[in-house]
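Here are a few notes to read alongside the model. Keep the structure open and look up each part as you go.

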Amino acid sequence: MHPWESFISGLRQWSPPDHTLSYLWSVRTPLFETLEIAAAAMLIAISLGLLLGLYIGARLPGARALYVLLTSFRAIPDLTLALLCVIAIGLGPAAGVVALAMFYSAAIGKIFADLFASAERAPVEALESTGANRIMVALYGLLPLRRQDLLTSGAYEFESAIRASVVVGFVGAGGIGTELVGYLNQTDYHHATPLILLLVLLIALVDGLCWLVRRHPRLVLPLIVLGAAAAFANRPQTLYFRHAIKTFAAMWPPRLAPNELASLPKLLGETLEMAFGGTLLAIVCALPLGVAAARNISPAFVSFPVRRLLEGLRAIPEMVWGLILLGFAVWGPSMGILALGLHSAGALGKLYAESLENVNPEPILALAATGASRIAITSFGLLPLAFGPVAVQSLFRLEWNMRAATIVGMIGAGGIGGALFYAQQQSFYHPMIAYIIITWALIMIVDRISGRLRSRWGIVEIDK
Amino acid sequence: MLTVDDVVVAQSKRAAAVLDRISLNVKRGEKVAILGPSGAGKTTLFRAISGFLPIRSGTITVNGITVNGLRGKQLRALRQKIGMISQRHDLVDRLKVYENVMAGALGRWSTLHALRFLARPLKSELAEAEHALDQVGLVRKLRARTSELSGGEHQRVAIARALVQQPLVLLADEPVASLDPVLAGQILELLCGLAHENGFTLICSLHQPDLAYEYFDRVIKITGGAIESDVISVSRASLRHIGVGA
């Protein structure tokens with residue numbers, strides 16, 4: 001079939017979405033489950049992450065070792081953790097809550113620790129000079145000094161958690177994700193479309209909520225109550241610790257059969273191809289889109305629709321893009337590259353636009369004073385000045401895509417994620433744990449190289 | 001009160017020494033100005049006295065306690081007795097003025113007490129903050145946000161915090177470096193007056209000789225990490241305190 005024809009037939013499969021009232025009403029249960037997973041996991045993750053961050057920030061005993069542990073733990077993708085939790089805890093939202101709580105505790109703990117480490121030194125030392133202990137210095141210095149940044153990164157992580165709470169459903173951890181995968185497996189796209197639209201709407205709502213929380217921090221309180229209620233609702237299942245420990249013990253030692261070992265280079269090659277290809281595709285698309293979305297460069301009638309387009313691309317997680325592409329008969333690494341590229345183009349385009357808008361205005365005014373045109377100002381002023389942040393964001397995206405590449409593999413893009421998912425489905429736990437360790441090592445290596453590049457370029461800021 | 005004996009201090013293990021075999025002795029209640037250009041080693045001396053920098057050789061004793069090698073609880077107990085204010089922006093902007101002032105009491109509070117104060121300060125604690133602010137002439141700013149203070153007010157709040165700490169020695173590291181001459185005079189006058197009233201030893205680093213000779217009993221000049229001169233000065237401020245002169 002000609003690609004164009006497959007595209008048209010793909011589109012036909014997806015529309016019209018089932019918009020009958022009875023169907024939309026039936027979606028409420030998985031929708032609440034998704035919200036429940038996100039709220040409960042984030043309550044646990046933010047509380048635990050804050051404690052971990054403060055522990056490291058206050059330089060209490062073992063802080064350095066804890067920081068290394070959190071950094072390594074972050075290299076295990078959320079969906080991989082969800083796979084493990086589904087095996088250990090069982091199908092349903094509890095597995096999603098535990099997986100996301102673990103992943104985001106490590107992520108938030110590390111981000112908060114970094115924020116505390118870069119807090120202004122003078123007020124902290126002044127507090128230390130009063131004879132205050134480290135916990136008091138954290139309470140009176142680190143926390144208030146970094147409050148705004150903590151709220152911003154907390155809100156950003158919450159937004160990511162909503163997307164992730166859908167994604168963990170794909171391996172059976174409940175919510176819209178499990179529902180969506182069910183319909184897609186039956187090639188019932190008419191029922192899947194409303195779920196995807198609902199997801200985009202949900203993420204837009206969460207965006208709005210996060211914006212409100214940043215402006216009025218007191219709104220965190222009702223969220224805490226909701227999170228506590230959701231965590232309580234999932235309490236009986238999450239407490240199956242003995243079963244979980246027994247299951248994990250049975251997975252050791254990691255082992256690969258000779259044929260699995262032989263196919264490993266191909267799997268790793270495919271994964272790297274998806275990560276690098278997806279990032280490159282995203283950069284190529286995001287550069288012009290970012291310029292078009294920057295309000296200080298483009299007129300409002302261009303920047304406004306481009307911004308909405310970028311938000312739309314970003315709101316749909318890589319996994320959902322992958323599932324949509326499956327509907328258009330695209331699979332294998334090319335599906336992975338497209339899925340990663342589309343989501344990352346949205347994320348990078350928004351960040352590029354913000355970097356261009358945040359450029360120091362003085363050199364730009366000096367250029368404008370010479371009578372330079374808008375194109376000249378953009379090429380000789382804005383773009384070179386925004387190079388640093390743009391490079392950092394692109395490198396962070398590569399790190400992100402390395403994790404995402406192992407995840408999209410689970411829905412048919414191949415690579416190491418595909419092998420991992422197959423092993424889990426067949427209950428081949430020894431190779432499964434081996435693939436998890438290999439994935440972790442691969443991500444750690446890419447993170448390390450990217451970190452080195454960033455510090456060599458003298459840019460170490462945390463990207464948001 | 002403070003003895004610095006043949007002390008060598010560097011910023012880090014491998015760096016060259018900033019203070020080179022420096023010795024001085026300061027008596028209880030003395031008001032001493034340490035004079036010297038930027039980079040002379042004034043801040044390094046203060047940081048070594050309060051245990052922020054390790055001492056390579058020699059000894060520093062404060063109120064009979066040797067500072068060398070102190071760690072953990074013992075170091076915190078010593079710091080409680082040494083107040084410190086600096087030219088740097090060292091208040092926490094996001095806290096209220098009274099919270100910054102009462103941070104001076106953290107050394108004598110338990111962690112739970114510190115936590116409770118943030119959530120619900122007692123009337124007696126607010127009265128203590130008010131008293132300290134009254135001494136620096138800023139009582140009206142008790143409940144203000146610290147970020148709203150001017151440069152001079154900022155320095156006064158830092159002094160109020162040091163007063164709440166009830167130190168035996170107050171180290172003021174270029175406290176007037178970023179202030180205009182009139183305000184600088186007012187702050188030094190205030191510091192010397194408070195030292196006299198509260199009976200603490202005041203050691204203040206400056207780089208303006210005229211201010212040093214005007215306000216302090218003793219002026220020590222440091223150049224290149226060593227003491228160049230150590231002279232007794234009859235300051236106008238002390239004359240005023242004993243009721244002689246204008």
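**Notes on the model**

1. Start with helix α23 of chain A, residues 429-456: at 1.5 Å a residue its 28 residues should span 40 Å, and the end C-alpha atoms are indeed 40 Å apart, so the two agree. (The expected span is 1.5 Å times one less than the number of residues; helices are DSSP runs of H or I, at least four residues, numbered from the N terminus.)

2. A word on the source: this is a predicted model, where local features need pLDDT of at least 70 and side-chain atom pairs count only at pLDDT 80 or more, while totals for chains, interfaces and linings use all residues. Residues are numbered from 1 along each chain as its sequence is written, with chains lettered from A and ligands numbered from 1 in the order in which they are written.

3. Back to α23(A): its buried residues (20 or more other C-beta atoms within 10 Å of their own, with C-beta atoms placed from the backbone) include Met432(A), Ile436(A) and Leu442(A). They pack against α5, α14, α15, α21 and α22 of chain A.

4. Now the core. The largest nonpolar core (buried Ala, Val, Leu, Ile, Met, Phe, Trp, Tyr and Cys joined through C-beta atoms within 7 Å) has 219 residues, and Ala82(A) is among those with the most contacts inside it. Helix α6 of chain A, residues 93-117, gives the most to this core: 17 residues.

5. Finally, the chains meet: 18 residues of chain A are in contact (C-beta atoms, placed from the backbone, within 7 Å) with 24 of chain B. On chain A's side, α8(A) supplies the largest share, 7 residues.

Note on methods
Helix = DSSP H or I, 4+ residues; strand = E, 2+ residues; numbered from the N terminus. Buried ≥ 20, exposed ≤ 12 C-beta atoms within 10 Å, placed from the backbone. Contact = placed C-beta atoms within 7 Å.
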